[in-house]
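Here is a friendly walk through one protein model, from its overall build down to a few single residues. Have the structure open beside you as you read.

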Amino acid sequence: MIGKATFAGGCFWCMVKPFDSWDGIHKVTSGYMGGHLENPTYEDVKKGDSGHLEVVEIQFDPTIFSYEQLLEIFWQQIDPTDAGGQFQDRGESYRSAIFVHSEEQRKQAEQSKEQLAASGKFSKPIVTEIREAKTFYEAEGYHQDFYKKSPTHYKEDRAQSGRDEFIEKHWN
């Protein structure tokens with residue numbers, strides 16, 4: 001059986017690589033979820049009025065890599081206290097969220113969020129939403145595996161974002 005997890009963590013380019021190299025992860029796809037516009041394009045989502053967030057959809061083997069492990073990786077890629085986007089990417093489409101595909105995922109996501117809030121790691125409230133999964137729209141081909149296809153551009157964009165400094169400060 002293949003499981004599915006969907007996470008919004010700001011720019012989807014930066015959310016693929018952290019999940020992509022583990023045993024039990026079959027595929028990580030960049031896309032859009034949560035909005036009202038059918039078949040959105042990158043430009044539609046970037047404008048911020050489609051309701052969609054940039055997301056990664058992860059297909060995984062739960063007997064090898066658990067949903068709890070995916071949640072742990074997810075939290076360590078984002079600033080869960082930022083309701084206005086993530087790092088240099090601002091606006092509605094770059095907010096963080098966990099899109100759940102089942103009641104079991106909802107329980108696990110809520111528990112992990114509560115544990116993070118109780119940990120004292122952050123002085124501000126955890127604002128990452130837990131939402132019902134909706135239709136997933138795969139992003140355009142040039143967005144898929146961007147870190148592999150355009151490594152220089154990916155590294156430059158990531159370096160400018162402030163994401164790595166945040167992760168180092170709060171998670172390492």
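## Overall build

With 172 residues, a compact globule would have a radius of gyration near 16 Å, and the protein agrees with that at 15 Å. The radius here is taken over C-alpha atoms, and the globule rule is 2.2 Å times the number of residues to the power 0.38.

A word on the source: this is a predicted model, in which local features need pLDDT of at least 70 and side-chain atom pairs count only at pLDDT 80 or more, while totals for chains, interfaces and linings use all residues. Residues are numbered from 1 along each chain as its sequence is written, and side-chain values use heavy atoms, with hydrogens and water left out.

Along its principal axes, the C-alpha trace spans about 35 × 35 × 30 Å. The secondary structure comprises seven helices and eight strands; these are DSSP runs, numbered from the N terminus, with helices being H or I of at least four residues and strands E of at least two. Among contacts between residues at least 6 apart in sequence, 75% join residues at least 24 apart, where a contact means heavy atoms within 4.5 Å.

Of the 172 residues, 53% count as buried. Buried means under 20% relative accessible area, exposed over 50%, and partly exposed in between (1.4 Å probe, protein chains only). The accessible surface comes to about 8600 Å², and 48% of it belongs to carbon and sulfur atoms; these areas come from the Shrake-Rupley method with a 1.4 Å probe, and for residues only the protein chains shown count as cover.

## Cysteines and helix 1

How many disulfides does a search of the whole structure find? The search finds zero, a disulfide being a pair of cysteine sulfur atoms within 2.5 Å. For Cys11, the closest cysteine sulfur is in Cys14 at 4.8 Å, which is too far for a bond. Cys11 counts as buried because its relative accessibility is 7%. Cys14 is likewise buried, at 2%.

Cys14 belongs to helix 1, which covers residues 13–20 and is mostly covered, with seven of its eight residues buried. Those buried residues are Trp13, Cys14, Met15, Val16, Pro18, Phe19 and Asp20.

## Four loop residues

Here are four residues from loops, with their relative accessibility.

| Residue | Loop | Relative accessibility |
|---|---|---|
| Asn39 | between strand 2 (25–33) and helix 2 (42–47) | 56%, exposed |
| Ala83 | between helix 3 (67–75) and strand 4 | 52%, exposed |
| Phe87 | between strand 4 (85–86) and strand 5 (89–90) | 16%, buried |
| Gly120 | between helix 4 (103–118) and strand 7 (129–132) | 55%, exposed |

Two of these residues invite a look at the backbone. Most residues other than glycine have a negative phi. Asn39, however, has a positive phi near 50°, and Phe87 has a positive phi near 55°.

The other two can be followed across space. Ala83 and Thr63 are 20 residues apart along the chain, and their C-alpha atoms are separated by 33 Å. Leaving out residues up to four places away in sequence, Ala83 touches Arg95 and Val127. Gly120 and Val100 are also 20 residues apart in sequence, with 25 Å between their C-alpha atoms.
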